[in-house]
Structures are given as C-alpha cells and as structure tokens.
Amino acid sequence: MARWDIGMTHIVDVDGQLLAIDAKVIDATALLARANCPLDRQLLMVRAGERYSVKPGSLIRLARDEVLFFESSPAFSYALPELLAA
C-alpha cells in the first residue's frame, strides 16, 4: 500500500480543496466540516464523471491508493410558489 509523502494516509478533494485525512472511515457531515463547508449542503461523490449523492451521516470508506473527489451543492429547497403549484 502506498503512503503519501505528507505523512497522512488518505487524500480527499472537496470542491477543489485537498484534505489529508488519517482515518480510514469518515462521516459525510464531518467531511463537510473539515472542508469548512456549510453543514446543510448536499455532498456528491464524483467518480468517472458522474455524481453520486452521499446521504448526511453516512460513512465513507477512504482508499489509500486513490484520491476521492467530492462536490458540495446547496441543499434542496423549494420556493413557496413551487410548493403551491404542487
């Protein structure tokens, strides 16, 4: 298994910001907090050009030999007129 030169085991990219994490598993909400993102945002895992939603509170297993890419997006919210139309 490879070990990064910076001494940390895992590298994660959140919104273009590289984070070094020493844990094998991290909570999705904790990952947003480490990236200084608002905790009410939706976390998306980007893999092979596709985005997969990560539920808040779910655990993410980090791999030693790859960088995981994530994006955060505003939480889904609907304006009042859209709710009335439904």
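The following paragraphs lead from the sheet of this predicted model to its first hairpin and then to one residue, Asp-13.

The sheet is open and is built from five strands, arranged in the order 2-1-7-4-5 with mixed pairing. Its edges are occupied by strand 2 and strand 5 (50–54); each has a single partner strand, so one side of each is left without a neighbour in the sheet. On average, and with direction ignored, neighbouring strands of this sheet are turned by 35 degrees against each other.

At one of these edges, strand 2 (residues 17–21) runs antiparallel to strand 1 (residues 10–14), and five bridges join the two. Together strand 1 and strand 2 form a hairpin, with two residues between them. Within that turn, Asp-15 adopts a positive phi of about 55 degrees. The register of the hairpin can be followed through individual pairs: Ile-11 stands opposite Ala-20 of strand 2, while Asp-13 has Leu-18 of strand 2 as its bridge partner.

Asp-13, itself a residue of strand 1, merits a closer look. What surrounds this residue, once its neighbours within four places in sequence are left aside? Asp-13 is in contact with its bridge partner Leu-18, and also with Val-67, Leu-68, Phe-69 and Phe-70. Asp-13 is buried, yet it has no salt bridge. The nearest side chain of opposite charge belongs to Arg-51 and is 10 Å away. A salt bridge would require a side-chain nitrogen of Lys or Arg within 4 Å of a carboxyl oxygen, so Arg-51 at 10 Å does not provide one for Asp-13.

Technical notes: Residues numbered from 1 in each chain as written. Predicted model: local features only at pLDDT ≥ 70, side-chain atom pairs only at ≥ 80, totals over all residues. Heavy atoms only, no water. Pairing = 2+ DSSP bridges. Helix = DSSP H or I, 4+ residues; strand = E, 2+ residues; numbered from the N terminus. Axes fitted to C-alpha atoms, helices over the stretch in contact; angles between N-to-C directions. Buried < 20%, exposed > 50% of the residue type's maximum accessible area, 1.4 Å probe, protein only. Lys, Arg positive; Asp, Glu negative; His and termini not counted. Contact = heavy atoms within 4.5 Å.
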